[in-house]
Amino acid sequence: MKVISPVTTLNALLITVVLLVIQKLSLNTKTKKYKISIVAASFLCFFLVQISVWFHMLQKFQISLIDSNPFTFSLSAVFLFTLFAAIFVKASYKNIQIIEMKKIKIVVFIAVFIGATVWHQASLSVVKNQEANARAKVYLIETMINKSIEGQKKALSRVKARINNVSFDDFKRLIDIDQKTYTNDYNIIKGMLVLDSKLNFVSGNAFSKNFYSKGMLEKPIIKAWLTQNHDDIQFATNSLTLNSATPILMLLASVEIANNSKYYILNLLDINLLLEKGYLNYLSQYDTYLGLTPSIYFSLDDNNANKTNLSELINSYNHFITQKINVMDLVDHDVYSFINDYESIHIDTIIDQSILWLTFMFIFIFVQVADSSRIIQFRAKHDELTGLLKLTALEAEFLKASYAKRGNNFSTVILKVDFFEEMYISLGYKISDELIKSVSARIYESTHNIALIAKGASDSFVLYFFDISPESLKQKIKSLIMELSEVHLIDNNELNLKVSGGAVTYKQLDLFNIRLNLQQANIALGKAKELGGNQLYFYQQFMEDKHNETVTIRNNLQNALKNNALEVFYQPVHRLNENTITGVEALVRWSNGNEWVSPAKFIPIAETTGQIVQVGEQVLNKVIEDIKKYPQLQNMTVAVNFSTKQIIKDDFASNLLSLLTKNNIIFENFTVEVTESSFQEKKAIEKKLIELVDSGLNVAIDDFGAGYSSLSYLTHQPANIIKIDREFTIGAHLVNTKEQKMLDTIIRVCYDLDKKVIVEGVEDEELIKHLSQFEGIKIQGYFFSKPLPIDSLIAYIKNSKNEHRLLR
């Protein structure tokens, strides 16, 4: 590693000359166009400086625009930052002047020279220290390897001395003892392998048998090595095992027993255990490889794999040293020691860099003074996350743009990510912020040349287009929506999203009113979402009337919730065969002043605004109060409707069961009704409903057949009650009609699946007669009673004269 490489020095000089020439030219020209180019070039260069600094801040890095040397980064960051700042200031702020005095120039030159010299010497000291540490690790490795091999050679020598010239029986006995003893006492010995003079297997543990059976001794060069006549202990690595989990170093001893038979004893050592790696932890910032063969570079660190190609190995790192080690005075191996962790160098680099920063501080102060006003102005007008305009700055920018465009019309578009709130909850704010940045980047790339773009609230974006026809605008936004729906890769997460858009067009520029423009575009956006999202919708006047009505209902409903003004009516449920009232369904009612507001109006709005949760909680509390107050309700089933937004809450089931238990309400007499159309989110609520059924509550699927279910889905319904929608009773009173057959089929399927059935919307006596054939069938509808307030319901239940209206 060098503090500054010659190539870097040459590049720095060339860049300095080029930039000084550009600066000189910029100072001699007064044209606005050239000034803008200089400012843009300075900004680009400043950005490159920051890239360099960012790389410099990394502990590990592979590539660089200048050099892979951290000290070069340190110097170049300061050098380039100072140079580009000076150019930017000089080109953009003509009123900033540097007093030219010879004494100041001399002082600056001396300061730069001394600072650079001190920095270079400090950096050079760090480089030398790193090289010394790397070589120290190699020396320790050499010492440990030789020590380990020497110890194992002595151990095998003792074995050899003990069994030489003994009888065959003693040989077998002693070998068996030594195999068990040595493999137990030395972790490094994976096995002891005994071969006869023809290299046939004689004995060994499981590892040795496997080693032999896999042909690890079959190479001619290994056989030749085994059969050489040597009195002393030999060692060699087994090349066939070097890339395995257990690379083997073979220690060989030849013995001759009393009957003149010759045997070979191989101790199989795990090369991974040759080193006491705990002593090398303080040098873990260096990756070390031992060149055992021209094609095997053995990693001496636990966290690295072996390499088979030297070029590939060297190219994987930036800085390394090569040194030879001698093993047992017999063989030399090359050892490559690479820097893998630049943390300590990074710390030293930053400390050394402070010398340069102190040296160049006066230049930095000039840059700060000149640049601070621009930064403040930019931040005041632009969104911090996306860099787009803020809504507060949009009006002024629109007036500027409209003056420059001098067009006759404009369009306002609001784009909003569908279901962003749900994504935010599931993904967290960091990924959500990155997603918004990705969306804003695509919007900017696609439209910045033809539109004024601002960041709206949360996940929305506001675009003002000039002089574009509605047809062209529609095509452009549709194309943009498709582009935004393509995969966004955020932190290795592939995210798909949908975007809705609302647009409004104006034929006169003097109709600009940011509040009105946004309100009308927002109304159109709401319509796009109402139609399923992922589309563009244009504002029309009638939509504003509906929007105003929706806003009024929403506000009045909030007041009603605040004042506990919602009421609960109950519609009786009759069992035909027994002429009895078996239950009631609780239905919310709202009287806004002297006028009843239809649930068909306010319930969908409450679902959209989230007020449905408060509505559901208020209805449930009123129903529980009525059950506690009126004994008649305690002896029958009371059904309460719940929204999906309530059910998907994690604590819904536990809270409901706890509330019913607290108020002494029998579980079997309480029914949770879920609208069948909610099952478009069935996975989110199925588990909760099954839990309720298992706890003893009833679960009813309301309006079955009017939404997303089918007969085949009945087998999987997490409910014990099916309420057949009124749609299936229309025309079913007529004999042998397809409507009647369809109704009968649904009822029979439900019965076969042990589901209780309630037929809703029954108003015809002929239909009552037809349904009487089904045992246990229950009826709910205006034929018997409309929904009643609680007092009227109690009177209805008490009135035994209702029985004559039931068919026997």
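In this predicted model, Thr293 stands opposite Ile296 of strand E7. The pair belongs to a hairpin formed by E6 and E7, with two residues between the strands. Strand E6 covers residues 286-293 and runs antiparallel to E7, and four bridges join them. In a regular strand, side chains alternate between the two faces of the sheet. Strand E7, residues 296-299, can be read in that light: Ile296 and Phe298 point one way, while Tyr297 and Ser299 point the other way. Residues on both sides of E7 are buried.

Another part of the chain holds an open sheet of five strands, ordered E2-E1-E5-E4-E3 with antiparallel pairing. Strands E2 (201-203) and E3 (234-237) are at the edges; each has a single partner strand, so one side of each lacks a neighbour in the sheet. On average, neighbouring strands here are turned by 30° against each other, direction ignored. At the E3 edge, four bridges pair E3 with strand E4 (residues 248-256) in the antiparallel sense. One point of reference in that pairing is Gln234, whose bridge partner in E4 is Leu252. A helix also packs on these strands: H6, residues 206-213, lies across E1 (189-196), E2, E4 and E5 (262-270). The direction of H6 is at about 60° to E1.

The next element is a helix pair. Two packed helices are described by the angle between their axes and the distance between those axes. For H12 (residues 420-427) and H13 (residues 429-447), the angle is about 135° and the axes are 7 Å apart. H12 is therefore oblique to H13. On the H12 side, the contact is made by Phe420, Met423, Tyr424 and Leu427; H13 contributes Tyr429, Ile431, Ser432, Leu435 and Ile436. By class, this contact has eight nonpolar residues, one polar residue and no charged residues.

Finally, there are the nonpolar cores. The largest has 74 residues, and the members that touch the most others are Leu656, Leu692 and Leu771. Helix H18 (residues 612-629) supplies the largest share of this core, eight residues. What does Leu692 touch, not counting residues up to four places away in sequence? Its contacts are Phe652, Ala653, Leu656, Leu657, Val672, Leu697 and Val699. A second core, separate from the largest one, has 55 residues, among them Ile163, Leu242, Val335 and Tyr342.

Notes: Residues numbered from 1 in each chain as written. Predicted model: local features only at pLDDT ≥ 70, side-chain atom pairs only at ≥ 80, totals over all residues. Heavy atoms only, no water. Axes fitted to C-alpha atoms, helices over the stretch in contact; angles between N-to-C directions. Parallel < 35°, antiparallel > 145°, perpendicular 65-115°, else oblique. Contact = heavy atoms within 4.5 Å. Nonpolar A, V, L, I, M, F, W, Y, C, P; charged D, E, K, R; others polar. Core = buried A, V, L, I, M, F, W, Y, C linked by side-chain atoms within 4.5 Å. Buried < 20%, exposed > 50% of the residue type's maximum accessible area, 1.4 Å probe, protein only. Pairing = 2+ DSSP bridges.
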